[in-house]
Amino acid sequence: MTKRYNETTVPAITGIKGLCPRCQRGHLFNGLLSLAPACEVCGLDYSFADPADGPAFFAMSIVAVPALAFALWLQLTFDTPLWVHIVLTLPLTVLACVGLLRPLKGWLVCSQYFHKAEEGKIDREWRG
């Protein structure tokens with residue numbers, strides 16, 4: 001007899017919370033960014049998931065425009081020297097990117113499960 005799980009219908013929310021996409025009770029992560037090998041509640045093996053550099057790309061893309069706008073505003077309003085940007089703008093940008101990595105990685109992993117994503121294969125039988 002197979003167990004029935006409360007699978008996610010909204011992978012974005014489940015992933016942002018860092019929960020298992022199958023049971024929504026277990027955790028996706030061991031530590032800050034490393035995926036757990038499997039869900040401690042339902043046993044779902046997370047080896048199917050490979051978000052690769054996706055979370056970093058999206059985090060940098062999301063943070064880039066506001067960080068640039070802040071740096072330009074700071075420079076044009078206060079005519080700050082370079083060291084102010086190094087002490088203020090750079091750490092804010094890095095912290096914002098790091099803060100987005102975990103929710104974005106969770107979202108991508110849950111989306112891969114939800115959409116049953118798998119490694120691409122060449123269909124040699126198909127004739128186009």
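Cys110 is buried, its relative accessible area being 0%, in what is a predicted model. Cys110 takes part in no disulfide, and the cysteine sulfur nearest to its own, that of Cys20, lies 7.5 Å away. Since a disulfide calls for two cysteine sulfur atoms within 2.5 Å, the 7.5 Å to Cys20 leaves Cys110 without one. Cys42 is likewise in no disulfide, although the nearest cysteine sulfur, again that of Cys20, is 3.7 Å away. Cys42 is buried as well, with a relative accessible area of 11%, and for the structure as a whole the number of disulfides is zero.

Several cysteines reappear in the nonpolar interior. The largest nonpolar core is made up of 13 residues, and Cys20, Cys23, Leu28, Cys39, Cys42, Leu44 and Tyr46 are those with the most contacts inside it. Helix H3, which covers residues 82-114, gives the most to this core, contributing three residues. In soluble globular proteins, nonpolar side chains tend to be buried together. Leaving aside residues up to four places away in sequence, Cys23 touches Tyr5, Asn6, Cys39, Val41 and Cys42.

Helix H2 can be described by its span, its bend and its buried residues. H2 runs over residues 54-78, which is 25 residues, and from its first C-alpha to its last it reaches 36 Å, close to the 36 Å expected at 1.5 Å a residue. At Ala64 the helix H2 bends by about 35 degrees, and a proline, Pro66, follows within four residues. The buried residues of H2 are Gly54, Pro55, Ala59, Val63, Ala67, Ala71 and Leu74, and what covers them includes H3.

The aromatic rings form four pairs in total. Among them is the pair of Phe57 and Phe58, which is edge-to-face, with 5.5 Å from centre to centre and 65 degrees between the planes. A further pair joins Trp73 and Phe78, whose ring centres are 5.5 Å apart and whose planes stand at 90 degrees, so this pair is also edge-to-face, given that angles over 60 degrees count as such. Ring pairs link Phe70, Trp73 and Phe78 into a cluster. As for exposure, Phe58 is partly exposed, with a relative accessible area of 37%, and Trp73 is partly exposed too, at 46%.

Two residues other than glycine deserve a note on backbone geometry. Most residues other than glycine have a negative phi, and most peptide bonds are trans. Asp79, although it is not a glycine, has a positive phi of about 50 degrees; Asp79 follows H2 and lies in the loop between H2 and H3. Lys116, again a residue other than glycine, has a positive phi near 50 degrees and is found in the segment after H3. Asp79 is exposed, with a relative accessible area of 61%, and Lys116 is exposed at 65%.

The table gathers the relative accessible areas of residues discussed above.

| Residue | Relative accessible area | Class |
|---|---|---|
| Cys110 | 0% | buried |
| Cys42 | 11% | buried |
| Phe58 | 37% | partly exposed |
| Trp73 | 46% | partly exposed |
| Asp79 | 61% | exposed |
| Lys116 | 65% | exposed |

Key
Residues are numbered from 1 along each chain as its sequence is written. This is a predicted model: local features need pLDDT of at least 70, side-chain atom pairs count only at pLDDT 80 or more; totals for chains, interfaces and linings use all residues. Side-chain values use heavy atoms; hydrogens and water are left out. Rings of Phe, Tyr and Trp (its six-membered ring) pair if their centres lie within 6.5 Å; planes under 30 degrees apart count as stacked, over 60 as edge-to-face and the rest as tilted. Buried means under 20% relative accessible area, exposed over 50%, partly exposed in between (1.4 Å probe, protein chains only). A nonpolar core is a set of buried Ala, Val, Leu, Ile, Met, Phe, Trp, Tyr and Cys residues joined through side-chain atoms within 4.5 Å. Helices (H or I, at least four residues) and strands (E, at least two) are DSSP runs, numbered from the N terminus. Contact means heavy atoms within 4.5 Å. The expected span of a helix is 1.5 Å times one less than its number of residues. The bend at a residue is the angle between axes fitted to the seven residues ending there and the seven starting there.
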